[in-house]
Amino acid sequence: MRSFIYTFILLLGLLCLQPVLAQAVYTLSGRVLDAETGDALVGAALALKERPSAGAITDAAGRYSFAAPEGMYTLVVKYIGYHVQELPLRLNQPTSINIKLTPTAYQVQEVEVLAVRKPPIHETPTMGQLELPLETVKALPVLFGEVDILKTIQLMPGIKSAGEGSTGFYVRGGGADQNLVLLDRATVYNPGHLFNFFSVFNSDAIDNTTLIKGNMPARYGGRLSSVLDIGMKEGSYKNYQVDGGVGLISSRLSVQGPLVEDKASFILSGRRTYVDLLLSPFLKNTEQGGIPYYFYDLNGKLSFILSDQDRLSFSGYYGRDVGELTLSDGRFKADFFWGNSSATARWSHTFSGNLEMDVSGVWSKYDFEFSWDFGGFNTVAETGVEDYSANLDFNYKSNARHHLQYGLQYTYHKLRPRAGEAESASGELFGTDRIRTKYGHEYAVYLSDDVYLTDKLLLSLGLRNSYFTQSGPFTLYQFDENNVPTDSTSYRRGEGVKTFSAWEPRVSVKYDLDKASSVKAAFSKSAQYLHLVSNAYTTLPLDVWVPSSALVEPQLASQYALGYFRSMKENQYEGSLEVYFKDLENQLEYRQGFAPGPSNRDLEYEFVTGSGRSYGIELFLRKNYGKLQGWFGYTLSRTTRTFPDLNNGQKFPARYDRRHDLSLVASYKYNDRWTFAGSFVYGTGEATTMPVRRYILEGTVNYQYGDRNSFRMQPTHRLDFSATLEGKKWKNIENSWTFSIYNVYGRRNPYLYYIDNEGNGYDSAVKLQAKKVSIVPFPLPSVTLNFSWK
Amino acid sequence: MLRSYFILASILCSLLLFGCEEDITVDLPQGEEQLVVEGHIEQGLPPVVILTRTVPVFADVSPEVLEQSFVHNAQVTVIAEGQSYTLKEVSSVALSEDVKQAIALQFGLIPDMLAGTGSFVFYVYTSEELKGRLGKTYGLRISHEGKVLTSSTSIPQLNPLDSLWSVPHPNPEEDSLRQLYYRYSDPDTIGNYVRYFTKRNNEPFYPGLFASVFSDEFVNGATIDYPLDRGEPKGQAEINEDLYGYFGKGDTVTVRWAAIDMPHYRFWFTLENEQNNNGSPISSPNITQSNIEGGLGIWGGYAVTYNTIIMK
């Protein structure tokens, strides 16, 4: 606790510097809104004509706040597609002004392709933060034409795709479980549908997305490698609107509008696939004759403007993958489903004097269930996570030089490990009675201050203190070498089993070299109390989240980063060069020789612990405006793991270690109707473990393997292309068609390699052949119709 | 029984993906040669050890390579009840018919291969002085050209089946097919493991194709009735899915039901898992857990019982 107090005192001390540094400085704040719809304008630019260095960009709620010395000014407000507004202003006290902008044309072009409305890259205090406006996401070519935020972020430097067509991603050498994915503050534990080919985020239901690679502000915690913060869209407070789309895989529909004009709004979005219908013709020859499988999503949000100071919202998500399977003439029947659900209630209040408070209550759940009938046994296997959280966050801009954020966060976790139960025809029950739900309490307090030490030097000091307590009921077993329990210790309901805590400093410095460039440096430590270990080439719906407990220590990371950031031609172009170094402790893998299968003991007994290291250079260049827009990202990196119990204790490359990772994204607006876009990616081949020698046992060919992940598959590369046609407006309905081709030149990217063998090993006719498995080895065209009615 | 859940997950995966496979050429390192033990001991029978060496994955497939993979002149010792027995290397041709039969059965070989009429000669290490006994532990020590391999296994107590019976195919049109069911009463103490083999009429015994071993982790002390799939030879190009697991009406079926110890069970469980999931995106390679220190393979004891039934 002592160091926490010291930090607090230090921050208070910085606050006290203010009278020395400041003359009479006052804050100007408020919101920027669309004059017609009342919608918040995100990313509008405000500046004082007489003092251009003072200004701000509006946030996700259209809010702005900045400070300037006392004086007479002209406030200039700009937003793409809207008339510039100039307001005379006398600043002699803290002032609040709401500004309404009118669109330049009667009908604003809905999709402003790649129009990146965001603060220039050299100005943001957080390192490695990327804002992804949905317009950018929507314009890019994707698999089956399904717009997918998780696939777009993979095109950014430092972020690697988990495989062809996959929504999974790895950030700066961190594992798949080290990304915190938030949807309106609710943790999404499994953001993928259909084995991660599609994300759970319906593009019609979500708003802007922020991704932070590592040096997270103190308000985020619980994961080591990144935060992906996705907000659900608010309904319009002025007009009713219906949007939808019809694609090859799924259709979408969303409805929004005011409940009470200017006071309350709603939005409801749904999406359902028809992959079951689509795939049936291909599967006629299989025993199944088709796949009774589908997934769907529902998003909803109610928003209320209670007063100028108070906003209230309720939002929710519910999604499911559902299917069934019948084999062997009905001898085997199975049903399965998995999915996330969440609910968020959030109240934000602005006090006088630029203090904002945000109170939220969040419920989030992921569950997976697989049940089947075979041989007179009815068996159910399930896993899942359930969270209840409460958060209290404050945001305080005391004056021009300080921006304070502090708060409290609490989450109650219930983790259902992979458990199963079988019932025989005669009613006897067999089950995993030693695998029980685990309970954990996670607390955090945080405090951060972005303080301008001089006009050019910004110091961000943040500190997070997190606690995690595993609580009972819990039984800790000791097993002998034959996995037979020899002893056990039991804990009562609510009794503390084990407590962990961690100090997580988050420090960064920004120094402005001139008006358009800066250097930034950052250091952060973070702790992770929930873990997921995957045995497969991709994470699976049946993978199990486990808490830190008497069996597993928290994962820890330290990251150092340094970068140069520059905007050119008034932010038309921007670029950055970042170097990072990351150390990971208490990383988890399955032990050597772990074979997934029935077990009546916790999966944690199958884990081994080691350390990880990742370092690299990331180059990013982006053109923000104009007919031709896009970006180029390149990462040179190295990621290794060292486990005493794996690979004979020798260091080995992580499976997602990729020396070179490159992406090139461009879009070209040919005319008012046609926009073309393309993306190209290249990555060093994935590291994998391959057999090096063979032997025969009971007549079968078996393998002796080489070092772990010592073999490289072929590099992956792919070109995707899309064309969007704005249809002619019909009555009040706008429409557009998106045609896309995934994998234009049919690259057969390797997904995995293996050595196939056929024939009895004692027979000279035995055949051995190396095989490459590819997921989408051919150009895959798709077409999507989008429409909007207002 | 939970295992079918994973097999299914992989079936599901392969159906859902548009995946395609193609043959490629890969340049694999040669790796370091290791010795492989395939050794068993069973009640009333002598210990038998086949000792081979690993060869590069893409080494020629030929009788010469097979013959060269046998390791000759190794020191092989079995330690039982405080006494050491040296196993002598013999050509299988020289073995008595009884021992040949037993080896064919234990090692899943066609008896002809041991008769020396095949394209290469089989060599085994065995001893006539030692016969396996129930409830005993057997150490193994092998040394060859500076390499030392050690292991230990046990022949548990017999753990027989209660009964077998025949059930018609669920589809009445498949009148000629029968599913074999078994009833098994598990002893009270946990830690019983079994490996099974089936023999149809005059065919050899084959272990269960995808899963030949069972553990009592979930059924400790219980009596269960469950289907038992017909064993099949491994390495077939394609499994006939319509016939998989079934016997024919009128078949004479013998089940070889062998109690084994935990490391022996774990070896087959992991080996079969690795074989079943070779090339599957939802598993990881290199999981076979040998019980041989310093080498690969298995040294395993069997406590065997037999049951025979005619499928009505």
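In this predicted model, the two domains of chain B meet through 11 residues of domain 1 and 11 residues of domain 2. On the domain 1 side of that meeting, the elements that give two or more residues are β2 (35-42), α3 (97-107) and β9 (147-154) of chain B. What sort of residues does domain 1 of chain B bring to domain 2 of chain B: nonpolar, polar or charged? The split is four nonpolar, six polar and one charged. As for where the domains run, domain 1 of chain B covers 35-154, while domain 2 of chain B is pieced together from 157-235, 242-290 and 302-310. Their C-alpha centres sit 25 Å apart.

Stepping back to chain B as a whole, there are five helices and 18 strands to find. The radius of gyration of chain B comes out at 20 Å, close to the 20 Å that the globule rule gives for 312 residues, so chain B is as compact as a globular protein of that length. Its C-alpha trace spans about 60 × 50 × 40 Å along the principal axes.

Chain A has its own domain layout. Domain 1 of chain A takes in 2-101 and domain 2 takes in 129-230, and domain 3 is made of 231-683 plus 715-745. Between the C-alpha centres of domain 1 and domain 3 of chain A there are 32 Å. UniProt, in an unreviewed entry, puts the feature "domain: TonB-dependent receptor plug" at residues 148-223 of chain A. Over residues 148-223, chain A is 7% helix and 32% strand, and the C-alpha atoms at the two ends lie 22 Å apart.

Now for the place where the two chains meet. The contact draws on 80 residues of chain A and 80 residues of chain B. Seven stretches of chain A are worth looking up here: β24 (355-374), β25 (377-399), β26 (402-423), β44 (691-697), β45 (700-705), β49 (752-758) and β50 (767-774) each supply at least two residues of the side that touches chain B. Sorted by type, the residues on that side of chain A come to 42 nonpolar, 26 polar and 12 charged.

Strands from both chains also join up in sheets. One is an open sheet of three strands, ordered β49(A)-β50(A)-β1(B), with antiparallel pairing. At its edges are β49 of chain A and β1 of chain B, each of which pairs on one side only. From one strand to the next, the twist averages 40°. Within chain A, β49(A) and β50(A) are linked antiparallel by seven bridges, and A:Y754 can be found opposite A:K771 of β50(A). Across the chain boundary, β50(A) pairs in the antiparallel sense with β1 of chain B (residues 20-24) over five bridges. Here A:A770 faces B:I24 in β1(B).

A further open sheet of three strands crosses from chain A to chain B, in the order β45(A)-β44(A)-β4(B), and its pairing is antiparallel too. Which strands form its edges? They are β45 of chain A and β4 (55-56) of chain B, each pairing on one side only. The link between β44(A) and β4(B) consists of two bridges, with the strands running antiparallel. In this pair, A:R693 has B:P56 of β4(B) as its bridge partner.

Back inside chain A, a run of paired strands is easy to follow. Strand β36 (residues 555-568) and strand β37 (residues 573-590) run antiparallel and are joined by 13 bridges, with A:A561 opposite A:Y580 of β37(A). These strands make a hairpin with four residues between them, where A:K569 takes a positive phi near 50°. On to the next strand, β37(A) pairs antiparallel with β38 (residues 607-623) of chain A over 16 bridges. A:S576 has A:F620 in β38(A) as its bridge partner.

Two loops of chain A hold backbone details to look out for. Between β29 (457-471) and β30 (474-479) lies the loop that holds A:P473, and the peptide bond joining A:G472 and A:P473 is cis, with omega about 5°. A:R172, in the loop between β11 (169-171) and β12 (179-183), has a phi near 45°, a positive value in a residue other than glycine.

Terms used:
Residues are numbered from 1 along each chain as its sequence is written. Chains are lettered from A and ligands numbered from 1 in the order in which they are written. This is a predicted model: local features need pLDDT of at least 70, side-chain atom pairs count only at pLDDT 80 or more; totals for chains, interfaces and linings use all residues. Two residues are in contact if their C-beta atoms, placed from the backbone, lie within 7 Å. Ala, Val, Leu, Ile, Met, Phe, Trp, Tyr, Cys and Pro count as nonpolar, Asp, Glu, Lys and Arg as charged, and the others, Gly among them, as polar. Two strands pair if DSSP finds at least two bridges between them. Domain bounds come from an automatic or database domain assignment. UniProt positions are given in the numbering used here, feature names are shortened, and annotations may be inferred rather than shown by experiment. Axes are lines fitted to C-alpha atoms, for helices over the stretch in contact, and angles run from 0 to 180 degrees between N-to-C directions. The radius of gyration is taken over C-alpha atoms; the globule rule is 2.2 Å times the number of residues to the power 0.38.
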